[in-house]
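These notebook entries record what I looked up in one structure, in the order in which I worked. I begin with a single residue and its partner, and turn to the wider picture afterwards.

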Amino acid sequence: MRKELKIGIAGIAALAILIFGINYLKGINLLKSEHYYNVDFTNVNGLTKSSPVFSNGFQVGIVKDISYDYSRPGHIVVGIDIDEAFKMPVGSSAELVSDMLGNTKMDLLLNHKATTYLQAGDTILGKVNMGLMGKASEELVPQVERILPKLDSILTSVNTLLANPALKQTLENTAQLTASLNSTSKQLDHLMKTEVPIMTQNLTALTTDLKKISGNLQQVDYAQTFQRIEETLRNVQLLTNKLNSQEGSLGLLLNDPSLYNNLNSTMENAASLLKDLETHPKRYVHFSIFGKKDKKVAE
């Protein structure tokens, strides 16, 4: 009888240790008294039992149970066990936060301005904090859905454009134009390095010469120069008048027609004489081989 009693006591102890161990692994301390509160949610965002409950980053409890409130469709009641020493101010709330790995935890948002506290079994409001990724998906997804049809239309237009043979020709023309521009750029660079410095030097020399000429022109006595030009023109006018008049030898020589006639007649006679000399040279030239006096040549 004692042996069976010992076995029973050992079994009960083992069962108690097992229950205590399982609850301890779940975060439930059976030796520590706790207060039970209800949190009203409309979305638990994957929250599970035994999930930790934090306040200012410190764990103050765990999720005891989760149940759907059939009396209020759309509402979910989450029961939490909080340390007995932890006091929940009136007006406090809770929010669910998900990390990058998808784990969900509950944070208590305490109303530190309140001077009264909730009683065990009271209900507080809960909400879901979507976080940065959640807000991005909530705000961007509808916009992306609206953009997708337009994007599909744009892609169709781009495919049509890319399939157009004119685009290939345009690209080839652009390549040729780029090559021409590259060649022109090289020629222009060569011109800037070789020809332009020479042109600049020539312009500098020309500018220097112009400055010298300008300086020399400033030293010219224009009044005296024009006076001399005027006197020269006056002398030319006098000479012209004398040549046009019949006074003086040069005037008579230029204006007397008889002089022209006499000169013309003289030239004709000289030409006739030269022609006769060529035709009858013996009339004008007499010579003898033996030094005798030549006979008179008949005309």
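**Entry 1: Arg72 and its partner**

I looked up Arg72 at the outset; at a relative accessibility of 35% this residue counts as partly exposed. I note that the model is a predicted one. Arg72 forms a salt bridge with Asp40, and I read 3.1 Å between the closest N and O atoms. I then asked which parts of the chain the pair ties together. Arg72 sits in the loop between S3 and S4, whereas Asp40 belongs to strand S1, so the bridge ties together parts that are 32 residues apart in sequence. Asp40 has a relative accessibility of 10% and therefore counts as buried, the limit being under 20%.

**Entry 2: Other salt bridges**

I obtained a count of 5 salt bridges. One of them joins the side chains of Lys193 and Asp189, with an N to O distance of 3.2 Å. Both residues lie in helix H3, 4 residues apart, which is about one turn of the helix. Lys193 counts as exposed at 59% relative accessibility, while Asp189, at 37%, counts as partly exposed.

I found a further salt bridge between Glu230 and Arg234, at 3.5 Å from N to O. Here the two residues lie in helix H4, again 4 residues apart and about one turn of the helix. Glu230 is partly exposed at 47% relative accessibility, and Arg234 is partly exposed at 44%. I also recorded a network: Asp40, Asp69 and Arg72 are joined by salt bridges that share partners.

**Entry 3: A buried charge**

I next looked at Asp107, which is found in strand S6. Which side chain of opposite charge is nearest to Asp107, and how far away is it? I found Lys105 at 4.4 Å; Asp107 is buried yet has no salt bridge. The cut-off for a salt bridge is 4 Å between nitrogen and carboxyl oxygen. Leaving aside neighbours within four places in sequence, I listed the contacts of Asp107 as Phe54, Ser93, Ala94, Glu95 and Val97.

**Entry 4: Phe54**

Phe54 appeared in that list, and I followed it up. Phe54 has its place in strand S2, residues 52–55, and counts as buried at 16% relative accessibility. Neighbours within four places aside, Phe54 is in contact with Gln59, Val60, Lys105, Met106, Asp107 and Leu108. I also took the C-alpha separation of Phe54 and Lys105, which is 7.7 Å for residues 51 apart along the chain.

**Entry 5: The nonpolar core**

I then asked which residues have the most contacts inside the largest nonpolar core. The core has 21 residues, and I noted Val78, Ile80, Met106 and Leu108 as those with the most contacts inside it. Strands S1 (34–41), S3 (58–69), S4 (75–83), S5 (93–98) and S6 (104–109) each supply at least two of its residues. S4 gives the largest share, 4 residues. In general, nonpolar side chains tend to be buried together in soluble globular proteins.

I examined Ile80 in more detail. Not counting residues up to four places away in sequence, Ile80 touches His35, Tyr36, Tyr37, Val39, Val53, Ile62, Val63, Lys64, Met106 and Leu108.

**Entry 6: A nonpolar patch on the surface**

On the surface I found a nonpolar patch of about 900 Å². Its members are Leu203, Leu206, Leu210, Ile213, Leu217, Tyr222, Phe226, Ile229 and Leu233. Helix H3 (165–219) and helix H4 (222–244) each supply at least two residues of the patch, and the largest share, 5 residues, comes from H3. I checked Ile213, which lies in helix H3; this residue is partly exposed, with a relative accessible area of 45%.

**Entry 7: The protein as a whole**

I closed with totals. The protein has 6 helices and 7 strands. From the N terminus on, I read the order of elements as α-β-β-β-β-β-β-β-α-α-α-α-α. Of the 299 residues, 14% count as buried. The protein exposes about 24,000 Å², of which carbon and sulfur atoms supply 61%. Among contacts with a separation of 6 or more, I noted that 55% are between residues 24 or more positions apart.

Notes. Residues numbered from 1 in each chain as written. Predicted model: local features only at pLDDT ≥ 70, side-chain atom pairs only at ≥ 80, totals over all residues. Heavy atoms only, no water. Core = buried A, V, L, I, M, F, W, Y, C linked by side-chain atoms within 4.5 Å. Buried < 20%, exposed > 50% of the residue type's maximum accessible area, 1.4 Å probe, protein only. Contact = heavy atoms within 4.5 Å. Patch = residues over 30% accessible without salt bridge, like charges linked within 9 Å, V, L, I, M, F, W, Y side chains within 5 Å. Areas by Shrake-Rupley, 256 points an atom, 1.4 Å probe, with all protein chains shown as cover. Lys, Arg positive; Asp, Glu negative; His and termini not counted.
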